[in-house]
Every structure is written in structure tokens, then in C-alpha cells.
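Biologist: I'm new to reading protein models, and I'd like a close look at one part of this one. Could you pick a spot where strands pair and follow it outward, step by step?

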Amino acid sequence: MEYSFGEDSVSTHLNSNKDELLFISSSYSSGWEARVDGDKAEIFKANNFGIGILVEQGEHTVELIYHTPYMRLGIGFMMLGIVFCIMISSIERSRRKT
């Protein structure tokens, strides 16, 4: 088995002679997404801590990519807050001039 770790990803190439459970000892989180040979795969919590992926017999490439949960929602709220601050600032400036 060959593997590599990135900043927010894990990739492995494996060859198995039977169906197996691939266990990765990285903290389980809903932000992980798995792909086996490019197809989306189910991830589950294994050993009450790590990441488990069922892999069928044969040669496979497994990739895990981490996306911070709710990051897009948080960025949206941040942008909305900036817009509101600019609006309030503009209203206050126009009130001071009059």
C-alpha cells in the first residue's frame, strides 16, 4: 500500500485480495469526503475515532479530501456583515452632513 498526506487530503493506492475495511487514523469528521477510483464512497466512524471505508477486492485508489463544515455559510454571513457595516457607515455619514 502506498499513501500520501496533503494539507487537507489523504491519498492511497492499494491492492487487496478480498473485500476489506480501510482504516485511516485521522479524526473522523463530517467534513471528510471519500472517493474510491473516482466514485464517491461512504465514510463512517471506525474504532470510535478514525475514518473507515469499505474497499472491494482488487486494485484501488482511495482519496479523502477535507472541507471545513459550514465554511461557505460562514463566509456568506461575513460578507453580509461587511455589507451591513458599509451601509450603516454610509447612513451615519449622510446624517452628519445634514
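Modeller: Let's start with S9, which stands opposite I65 in β8. Please keep in mind as we go that this is a predicted model. The pair S9 and I65 belongs to a longer stretch of pairing: strand β2, residues 9-16, is joined to β8 by eight bridges, and the two run antiparallel.

Now step back and look at the sheet around that pair. Five strands make up an open sheet, and reading across it you meet β1, β2, β8, β4 and β5 in that order, with antiparallel pairing. At the edges you find β1 (2-5) and β5 (39-41); each has a single partner strand, so one side of each has no neighbour in the sheet. Going from strand to neighbouring strand in this sheet, the average turn is 20°, direction ignored.

Let's stay with β8 and walk along the strand to H60, which lies in β8, residues 58-66. Is H60 buried or exposed? H60 has a relative accessible area of 11%, and because buried means under 20%, this residue counts as buried. Its side chain has polar company, too. The side chains of H60 and D37 are joined by a polar contact of 2.6 Å, and the H60 side chain also reaches the backbone oxygen of Q57, at 3.4 Å. If you set aside residues up to four places away in sequence, H60 touches T12, H13, L14, V36, D37 and V55.

Another residue to look at is L64. Leaving out neighbours within four places in sequence, L64 is in contact with D8, S9, V10, I24, W32, E33, A34, I43, I51 and I53. So S9, where we began, turns up again here, among the contacts of L64. L64 also has a place in the largest nonpolar core, which has 13 residues. Which residues have the most contacts inside that core? They are L22, I43, I51, I53, V62 and L64. Several strands contribute: β2, β3, β4 (32-36), β7 and β8 each supply at least two residues of this core.

Some of those strands bring us to a second sheet. Three strands form this open sheet, in the order β3-β7-β6, and here too the pairing is antiparallel. The strands at the edges are β3 (20-24) and β6 (44-46); each of them has a single partner strand, so one side of each is left without a neighbour in the sheet. Neighbouring strands in this sheet are turned by 45° against each other on average, direction ignored. Within the sheet, β3 pairs with strand β7, residues 50-55, in the antiparallel sense over five bridges. You can pick out one matched pair by eye: E20 stands opposite V55 in β7. You have met V55 already, as one of the residues that H60 touches.

From β3, follow the chain into the loop between β3 and β4, where S27 lies. With a relative accessibility of 44%, S27 is partly exposed. Not counting residues up to four places away in sequence, S27 touches W32, F49 and I51. Two of these names may ring a bell, since W32 and I51 are also among the contacts of L64.

E33 is one more contact of L64, and its side chain takes part in a salt bridge. The side chains of E33 and R35 meet there, at 3.2 Å from N to O. E33 counts as partly exposed at 21% relative accessibility, and R35 is partly exposed as well, at 30%.

How many salt bridges are there? The count comes to two. The other pairs E92 with R95, and the closest N and O atoms are 3.9 Å apart. E92 and R95 are three residues apart in helix α1, which means about one helical turn separates them. Relative accessibility is 34% for E92, which counts as partly exposed, and 57% for R95, which counts as exposed.

Finally, helix α1 covers residues 71-97, and F77 lies in it. F77 is exposed, with a relative accessible area of 54%. To see how F77 sits relative to the strands, compare it with F23: the two are 54 residues apart in sequence and 36 Å apart in space, C-alpha to C-alpha.

Technical notes: Residues numbered from 1 in each chain as written. Predicted model: local features only at pLDDT ≥ 70, side-chain atom pairs only at ≥ 80, totals over all residues. Heavy atoms only, no water. Pairing = 2+ DSSP bridges. Helix = DSSP H or I, 4+ residues; strand = E, 2+ residues; numbered from the N terminus. Axes fitted to C-alpha atoms, helices over the stretch in contact; angles between N-to-C directions. Buried < 20%, exposed > 50% of the residue type's maximum accessible area, 1.4 Å probe, protein only. Polar contact = N/O pair within 3.5 Å; in protein donor to acceptor, adjacent residues only side chain to side chain. Contact = heavy atoms within 4.5 Å. Salt bridge = Lys/Arg side-chain N within 4 Å of Asp/Glu carboxyl O. Core = buried A, V, L, I, M, F, W, Y, C linked by side-chain atoms within 4.5 Å.
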